[in-house]
Number of protein chains: 2
Amino acid sequence: MAEAATTVPVGKGGRTAARIRDVALEMFSRLGFERVMMAGIAAGAGVSQATLHYHFQDKAQLWRAAMLHLSALISAEERRLEATADLSSVAQLREAMRLFLRISWKHPALGRIIALEGMAGGERLAWLDSHLTGPRNRRLVAIVRAAIAAGELKPFPAEQLVITLQAAGVGVINLAPMIQQSFGIDPASPEARQAHETMILDALLGGLMIQPEQT
Amino acid sequence: MAEAATTVPVGKGGRTAARIRDVALEMFSRLGFERVMMAGIAAGAGVSQATLHYHFQDKAQLWRAAMLHLSALISAEERRLEATADLSSVAQLREAMRLFLRISWKHPALGRIIALEGMAGGERLAWLDSHLTGPRNRRLVAIVRAAIAAGELKPFPAEQLVITLQAAGVGVINLAPMIQQSFGIDPASPEARQAHETMILDALLGGLMIQPEQT
DNA sequence: CGAATTCCTGACTTAGAAATCAGAAATGAC
DNA sequence: GTCATTTCTGATTTCTAAGTCAGGAATTCG
């Protein structure tokens, strides 16, 4: 068996494994674990189903490999936040949210996975919490608490606020199929993304701040 | 076979069918269609698996019956909105959102179903759009457009705004398992619900309004 | 009560998806 | 080029969950 969770593909096998993993990430995040079929991933990656079992023992391992890859992608992006440590708490929150939005557009699997497994509970959620979502959630809560303590943010329960902001942020990204169905439009155009960022960061976050900016 | 989609159970069979349907709604909405097993619903309802097939032909029919029941529950609640027709657009939006939040706490299946099927697309989403979510989405968009035209709301894309508000509203409800996992708290206490309503209706919606209320 | 109907079940069949495996094909080191 | 190794596949098996069915139990209505 080849290396499974590596991020940088090497050699023929590595490239194949990476392709499988990418297809799996897309499918798992859109559909959830059980409605994805190994045959579908194999077809999407252009290999036989047995090849999936060659590179990854079973479906659960493949799922974890895909999630670890996603985690690595996200972590790489979040390095940028280290530069914001000396800003005010509310500015840190704003930058963290801005980055979260950009990551979510770039890697829509993130928000979908959070929604899918965050609702269902169970062992996959526990795994995700320790590897992907828990640390960020708790970091954001700490920032929110500091912002509230500094009188910059209205004193809502920090956990609620963090989850709500994230849910609001990924709403139109996750629900693109529903938006297509209900309204016949695609919410991913550049203008729509810009309006979205403004809406979340200025309007919604503004509404949470103690001294909201006027229009 | 007994009547399947009736809301008011009648007779022994009707009660059993209603129990099955309620268990199915809870499970389907939390886990999605395919991770729910007929055996699990049967166990939850305290009947044999064959009884499910007696009252509902197959799994897809049971799913639709559960969703129709949910739809009836929601429709009954939304009757209350008829009284708000003479308010300003933004006040109508606020009342609609307040009701949406109350319904979502009372029937958490609604938001979960929207999230699950709204991400996945496919025929179940099409079915839901015509029976459950589409009309409300389009009604809300019309209200938002009117509010923007009246200069009461900031001019964000109406569809985006509606979806985002709903996503923000149900975030902490849907993601209760993740909140439990990440923070060890339950977001459904009465105080938490009150704070939640205030956060959504005053802070977030306030941030979207042209003349936000000050704290 | 008693018979007709409705309701429910255990045992079984079927379908479909995951996992395995022996061997073929491709790759790469020499 | 050739041989060892890695990578991949078609065919098959195993497993799981949906769905069927004949008949027994409960209910209802005369």
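**Salt bridges, chain interface and DNA contacts**

A search of the whole structure, which is a predicted model, identifies 34 salt bridges over all chains. One of these pairs the side chain of Arg35(A) with that of Glu34(B), with an N to O distance of 3.1 Å. Arg35(A) is located in the loop between α1 and α2 of chain A and Glu34(B) in the loop between α1 and α2 (38-45) of chain B, so this pair joins two chains. The partners are assigned to separate classes of solvent accessibility. Arg35(A) has a relative accessible area of 19% and is therefore buried, the limit being under 20%. Glu34(B), at 29% relative accessibility, counts as partly exposed. Side chains of opposite charge can pair when their charged atoms come close.

Salt bridges are also found within each chain. In chain A, Arg124(A) is paired with Glu117(A), and the closest N and O atoms of the two are 3.6 Å apart. Both Arg124(A) and Glu117(A) are buried. In chain B, a salt bridge with an N to O distance of 3.6 Å connects the side chains of Arg124(B) and Glu117(B). Arg124(B) and Glu117(B) are likewise buried. The pair in chain A belongs to a wider arrangement, in which Glu34(A), Glu117(A), Arg124(A) and Arg35(B) are linked in a network of salt bridges.

The interface between the two protein chains was examined next. In total, 59 residues of chain A are in contact with 59 residues of chain B. The size of an interface is often given as the accessible area lost when the parts come together. For chain A and chain B the buried area is about 5200 Å², and carbon and sulfur atoms contribute 70% of it. Across this interface there are 4 salt bridges, including the one between Glu34(B) and Arg35(A). Polar contacts between chain A and chain B, counted where both residues have pLDDT 80 or more, involve 16 residue pairs. On the side of chain A that touches chain B, two or more residues are provided by each of α1 (11-31), α6 (109-120), α7 (123-149), α8 (158-174), α9 (176-183) and α10 (190-208) of chain A. By class, the residues on this side of chain A comprise 32 nonpolar, 17 polar and 10 charged.

The model also contains DNA strand C, which is surrounded by 20 residues, the closest being Thr16(B), Ser48(B), Ala50(B), Thr51(B) and His55(B). Of the atoms of DNA strand C that come within 4 Å of the protein, 69% belong to sugar and phosphate. Phosphate oxygens of the strand are approached by backbone and side-chain atoms. A backbone N or O atom of Lys59(A) is placed 2.9 Å from a phosphate oxygen of DNA strand C, and a polar backbone atom of Ser48(B) is 2.8 Å from a phosphate oxygen of the strand. For Thr51(B), a polar side-chain atom lies 2.4 Å from a phosphate oxygen of DNA strand C. Elements giving two or more residues to the surface near the strand are α2 (38-45) and α3 (49-55) of chain A, together with α1 (11-31) and α3 (49-55) of chain B. The most is given by α3(B), with 4 residues. The surface near DNA strand C consists of 9 nonpolar, 7 polar and 4 charged residues.

Notes:
Residues are numbered from 1 along each chain as its sequence is written. Chains are lettered from A and ligands numbered from 1 in the order in which they are written. Side-chain values use heavy atoms; hydrogens and water are left out. A residue is near a molecule or strand if one of its heavy atoms lies within 4 Å of it. A polar contact is a pair of N or O atoms within 3.5 Å; within protein, one must be able to donate a hydrogen and the other to accept it, and residues adjacent in sequence count only if both atoms are side-chain atoms. Ala, Val, Leu, Ile, Met, Phe, Trp, Tyr, Cys and Pro count as nonpolar, Asp, Glu, Lys and Arg as charged, and the others, Gly among them, as polar. Contact means heavy atoms within 4.5 Å. Buried area is the accessible area (1.4 Å probe) that two parts lose on being put together, summed over both. Buried means under 20% relative accessible area, exposed over 50%, partly exposed in between (1.4 Å probe, protein chains only).
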